[in-house]
Amino acid sequence: MIHVIIEDEVFGTSKMVTRTSLCITLAIYAVAFFTQPYYPVSEFFFSPLQSILSPSQTTPPPPLDHNSPTNINHLVFGLVGSLKAWGHRKAYIESWWRPNVTRGYLYLDTAPTEELLPWSAASPPLRVSDDISKLVQESGHVAPIMVRMVHAILEVYREGDQGVRWYVMGDDDSIFFVDNWVDVLAKYDHTKYIYIGGHSETLLSNFHFSFDQGFGGAGFALSYPLASAMVKDLEGCLKRYPHLNSADLITQYCVDELGVSLSVERGIHQIDLRGDISGFLSSHPQSPLMSLHHLDMVDPIFPSMDRFQSVNHLMKSAKVDQSRLLQQTICYHKPTNWSFSVSWGYSAHIYEKILPRSILKRPRETFKAWLKGKAPLYMFNTRSPIFGDPCDDPHVFFLETVESSRGNLIVSTYARSSPRGLPTCFFSELSPSNSQCDIACLDASVAMETEKKPELAALLKVLPPVEFCCVYGSALHPNNCDKSSMVDYILGVADPLQWHTEASNLKINRDHYASWMVHLGGAKLMTDIADQIGVGVHFNPFVSWKDKMFKYGVVRIDDLIRDIFNWERFYLSGRLQKPVCVLVDNLDIGNINSVNLRAATSAALLLSPSKFSEEDLYARICSLSYMGDLRMLFAEDKNKVNKIVQGQFALFQSMYKPILEEFAAKNLLRFTSSAGNQANVSQDCGLSAVSSLVSRLPPAIRSEMALKLGNKTPLSNSGMIFELWRFDPAIVDKIGQVTRELVIGSREKAAECMRKIVRHRVMVSSARQAVSGFLTVGAVHGVRYLANKMHKAWKSWT
């Protein structure tokens, strides 16, 4: 609501009536302004935006069929270049442009010369930019070239393409990974005003221009409604900011006038860096690679090739599996004490010692900043390369070949860049230094996931966008051949109530819900039952779609993160301690969950004897979330834990082996021998090791253990409190008081105390969720679900 304060004492009471009426009137117009993009504006307003919301004869009709999944036909690219540069930049665009598939246009500043004609069919359709000399003259704009670049938004919109959901703007040297753009844009609501872009990698660039702008060389996207609103007064906007000398900043100002903020995507790369960027590309986050820019300003990304050859070589990986291109994977090989960092489809690094993930995920600073200045230089943490140290200087390999083989196996090979010329690290028992060593990545599980992911993700196409989605349960079992079994999903959303109502899942998929709940209370009743009776998750089971059966649980993303960190309910955190297939992860939940995995490992070690096998430990981890679960008494397979671990042993190993090696490096355990594909483990059972394991448990668990094992120690000295907080933030609560000092008398007491706490949480959560689930799914589905569970349990007992 817009509040208007009128200072006038003469009119007395009658003025109050006028003030109230005016507030109501303005509130109505405010709602129309912000929620109805095509609504005509009243003359009541005086604003430079008046013509933006006025009807336009050049506006194409709004896109139709909003509910279908976003695909490549819904994107139109607007690429701006110059005739002078096109000769050597043409290869960049043709490396990713798909003739007759990708939609869009290239805007040159002047008509092409004879040597460029006839125009190549491998290039985007050619357009010559409008003559904007009159506009520049009238406005006195300081940067005519920038005006032309922004004006291209109007020109590409004016083409009138049908079915457009997104306009993606870029430069003639922008490298776009189109399939990833489609996947990322699909998670946004294209019917709203959305502005998507990326930051510069250099801190000073964002500071000098704006942290709120999308850097256009890397590409930015405008939803159809936003572009439609902008073009109605784009030339007026250009005239209002004649002093701005950056096209990206002008675009941001024009978007700001409509009350829209930038949505940042981590895979959009301006590459405001110089020199060798291999260190940056080799530590790409777990986000889809969407674009690369400024490749003319850096060294070739493959050192044995020129820039254009490098781009085409990278595109070989993109054609095989664009979805995980460059994304970093870290793993370890204990027998040799090697750490591996693989940027899929680009590079692989071998370190001759165990380095923590927290170090390896930071880019090696092989590059220099775009602008000179004082630290901090970048928008991310880096690590300085230690040249000449055989333990910290990696063996570097770059992509050689990539192909899909028989059985849907993806094989990528990486060849040594150049000999390292250093001795073996004293941590390593073997060195690849002098051998003819190549790396071959043959990953059947990844290939299987690549094959299954589109099938598993298909359900998301008929649901509103989510922030996080994973599949769990028997659907991931490699030997599960039961096509009739239900596929289980966890969906993390910002606001479940909004997701069910405003996001219209009830409208789109009304049949997914229990009919009595839809009629009696709708989304409000569902979320209230989930939050107040259950554990914050609303499940829709027995969802039938395309001859398959699905179950999905909707949870508030904040609750999911809280449970991961604190085991407050130990419900979803327990599920994420077992193998899952992540389909959507906009908030890096996968990385956050590493805290949960370490805590689960620590808890399982506390409950384990001094010697055990790797499989024993994974079974102990798996059983944590079933301790106290009421369903285990009558409605679950008594051999469930063993079946889960044995059936998914390789997946458990990929999740927990690096953590075990990390614990081994801290002398908390050691690998004594290997039997087949698993290791035997022994652990330190001393009080010092126990204290270290307990310190890795979630703060809520430690606090409750302290209530049972320790005494409250009040501290009035703020300096002492600060020192305690530095040692362990969980010791100090939100108001600065010490909670409980955890006193460990013996390993057995600490383990039993923790077991009882976890068991009680699981028991309470399972009971609450059982009641909540029965209420929300209705009697018929509730009995059906319970019957299926009891049937499995009965089979395991007979």
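Visitor: When do two strands count as paired in this predicted model?

Guide: The model is predicted. Two strands pair if DSSP finds at least two bridges between them.

Visitor: In what order do the seven strands of the open sheet stand?

Guide: The pairing in this sheet is mixed. Strand 3 (126-128) and strand 8 (262-264) each have a single partner strand, so one side of each is left without a neighbour in the sheet. With these two at the edges, the order reads 3-2-1-4-7-6-8.

Visitor: By how much are neighbouring strands of this seven-strand sheet turned against each other on average?

Guide: The value ignores direction, and the sheet is one with mixed pairing. The average turn between neighbouring strands is 25°.

Visitor: Which residue of strand 3 stands opposite Leu 108?

Guide: Strand 2 (residues 104-108) and strand 3 are joined by three bridges in the parallel sense. Opposite Leu 108, in strand 3, stands Val 128.

Visitor: At about what angle does helix 7 run to strand 7?

Guide: Helix 7 (residues 224-231) lies across strand 4 (166-171), strand 6 (195-197) and strand 7 (220-223). Its angle to strand 7 is about 85°.

Visitor: Which parts of the structure does the salt bridge of Glu 257 and Arg 240 tie together, and how many residues apart are they in sequence?

Guide: The structure holds 24 salt bridges. One of them joins the side chains of Glu 257 and Arg 240 at 2.8 Å, N to O. Glu 257 is in the loop between helix 9 (247-256) and strand 8, and Arg 240 is in helix 8 (residues 234-240), so the pair links parts whose separation in sequence is 17 residues.

Visitor: How many bridges does strand 16 make with strand 14, and how many with strand 17?

Guide: Strand 16 (residues 395-404) runs antiparallel to strand 14 (residues 347-351), where Ser 347 has Phe 398 as its bridge partner. Strand 16 also pairs in the antiparallel sense with strand 17 (residues 410-416), and there Ser 404 stands opposite Ile 410. The counts are four bridges with strand 14 and seven with strand 17.

Visitor: Which strands stand at the edges of the five-strand sheet?

Guide: This open sheet has mixed pairing and the order 21-22-20-19-23. Its twist averages 20° from one strand to the next. An edge strand here has a single partner strand, so one side is left without a neighbour in the sheet; that holds for strand 21 (537-545) and strand 23 (581-585).

Visitor: Which residue is the bridge partner of Val 471 in strand 20?

Guide: Strand 19 (residues 468-472) and strand 20 (residues 487-493) pair in the antiparallel sense over five bridges. In strand 20, Val 471 is partnered by Tyr 489.

Visitor: What angle does helix 18 make with strand 22?

Guide: Helix 18 (residues 557-566) packs on the five-strand sheet. It touches strand 19, strand 20 and strand 22 (548-556). The direction of helix 18 makes an angle with that of strand 22 of about 85°.

Visitor: Is helix 20 roughly parallel or roughly perpendicular to helix 24?

Guide: The axes of helix 20 (residues 589-606) and helix 24 (residues 649-665) come within 10 Å and cross at roughly 65°. The crossing is right-handed. Angles of 65 to 115 degrees count as roughly perpendicular, so helix 20 is, relative to helix 24, roughly perpendicular.

Visitor: How do the residues of the contact of helix 20 with helix 24 divide?

Guide: On helix 20 the contact includes Leu 597, Arg 598 and Thr 601, and on helix 24 it includes Met 655, Glu 662 and Phe 663. The division is eight nonpolar, two polar and two charged.

Visitor: How many residues are charged in the contact of helix 20 with helix 25?

Guide: The axes of helix 20 and helix 25 (residues 687-695) come within 8 Å and cross at roughly 145°, in a left-handed crossing. Ser 602, Leu 605 and Leu 606 of helix 20 meet Val 690, Leu 693 and Val 694 of helix 25. Five of these residues are nonpolar and one is polar, and the number charged is none.

Visitor: Are helix 21 and helix 23 perpendicular or oblique to each other?

Guide: Helix 21 (residues 614-624) and helix 23 (residues 640-647) pack with their axes 9 Å apart, at an angle of about 125°. Their crossing is right-handed. The contact residues, among them Tyr 618 of helix 21 and Ile 644 of helix 23, divide into six nonpolar, three polar and one charged. By their angle the two helices are therefore oblique.

Definitions and conventions: Residues numbered from 1 in each chain as written. Predicted model: local features only at pLDDT ≥ 70, side-chain atom pairs only at ≥ 80, totals over all residues. Heavy atoms only, no water. Axes fitted to C-alpha atoms, helices over the stretch in contact; angles between N-to-C directions. Left-handed = near helix turned anticlockwise from the far one by under 90°. Contact = heavy atoms within 4.5 Å. Nonpolar A, V, L, I, M, F, W, Y, C, P; charged D, E, K, R; others polar. Parallel < 35°, antiparallel > 145°, perpendicular 65-115°, else oblique. Salt bridge = Lys/Arg side-chain N within 4 Å of Asp/Glu carboxyl O.
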